[in-house]
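Visitor: I would like to learn how to read a few features in a model of this kind. Where should we begin?

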Amino acid sequence: MIEKVNRIDKRILEWDGAAVEMPTRDKLYISVDTFARWRIADPLEFFRRLRDERSAQSRLEDILGSETRNAIAKNDLIEVVRSIKDRQPARDDTLEEAGTAEIGVLHPIRKGRMLIEDEIEQAAREKLSEFGIELLDLRFKRINYNQSVVDKIYERMVSERQQIASRFRSEGEGEAAKILGAKERDLNVIESKAY
């Protein structure tokens, strides 16, 4: 009698997805690169459905990739990029004195990157358990902006700085007008005393 042994790894294995461009809910394209850690929880089911680790990597690519696309498409860019809900932006005192306090305001977020990662993980975990795979962790490795998004961000930054500069200019012009007015008044007083 001949027996064939199929060895199945008990260690924690890694899946490293390729960076994929996908749209957010606000129709901005970003490149998302994810990675995950997994292990074989049910060797018999794993062998019946997938046979080997290469098939499992392919299945992970399909499931994790689609769940990531779904989650990104359901959230705005700010939700995907930011991770801390109560983050306070760095403030410049001179800007606040100039009355430009609304420029440095961070828009509030409801979820944040970590909750989105957890949603993807939970949705994928259920699907992968059918294949005898236990998903241990999923994280975004890198999120890059598409070039069109980068251009929009730079445009917004430039417009904010131009707003600040125009306010400083208008204050300076107001001070210059006061000084010139005081000078004219003083000259008139001096001329009236001279005659």
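Guide: With a helix, bearing in mind that this is a predicted model. Helix 2 has 21 residues, and the span from its first C-alpha to its last is 29 Å, close to the 30 Å expected at 1.5 Å a residue.

Visitor: Which residues of helix 2 are buried?

Guide: Ala56, Leu60, Ile63, Leu64, Gly65, Glu67, Thr68, Ala71 and Ile72 are buried in helix 2.

Visitor: How is a pattern of buried positions in a helix to be read?

Guide: The general idea is that an α-helix has 3.6 residues a turn, so residues three or four places apart point the same way. Helix 5 serves as the case here. Helix 5 has 17 residues and reaches 24 Å between its first and last C-alpha, close to the 24 Å expected at 1.5 Å a residue. Its buried residues are Ile116, Glu117, Ile120, Glu121, Ala124 and Leu128. Viewed down the axis of helix 5, these buried residues fall within an arc of 135°, so they line one face of the helix.

Visitor: What covers the buried residues of helix 5?

Guide: The cover includes helix 2, helix 3 and strand 4.

Visitor: How many residues are in the largest nonpolar core, and which of them have the most contacts inside it?

Guide: A core of this sort joins buried nonpolar residues through side-chain atoms within 4.5 Å. The largest one here has 29 residues, and those with the most contacts inside it are Trp38, Phe46, Leu64, Ile72, Leu128, Ile133 and Leu135. Two or more residues each come from strand 1 (13–16), strand 3, helix 2, helix 3 (77–81), helix 5 (113–129) and strand 4 (133–145). Helix 2 gives the largest share, six residues.

Visitor: What is isoleucine 133 in contact with, beyond its neighbours within four places in sequence?

Guide: With those neighbours left aside, isoleucine 133 is in contact with Trp38, Arg39, Ala41, Phe46, Leu50, Ala56 and Leu128.

Visitor: Now the backbone. Which residue in the loop between strand 2 and strand 3 should I look at?

Guide: Lysine 27, in the loop between strand 2 (20–23) and strand 3 (29–40). Its phi is near 60°, a positive value in a residue other than glycine. Lysine 27 is exposed, with a relative accessible area of 65%.

Visitor: And where is arginine 51 placed?

Guide: Arginine 51 is in the loop between helix 1 (43–49) and helix 2 (53–73). Arginine 51 has a positive phi of about 75°, although it is not a glycine. At 52% relative accessibility, arginine 51 counts as exposed because the cut-off is over 50%.

Technical notes. Residues are numbered from 1 along each chain as its sequence is written. This is a predicted model: local features need pLDDT of at least 70, side-chain atom pairs count only at pLDDT 80 or more; totals for chains, interfaces and linings use all residues. Side-chain values use heavy atoms; hydrogens and water are left out. Helices (H or I, at least four residues) and strands (E, at least two) are DSSP runs, numbered from the N terminus. Buried means under 20% relative accessible area, exposed over 50%, partly exposed in between (1.4 Å probe, protein chains only). Contact means heavy atoms within 4.5 Å. The expected span of a helix is 1.5 Å times one less than its number of residues. The arc is that of the directions from the helix axis to the C-beta atoms.
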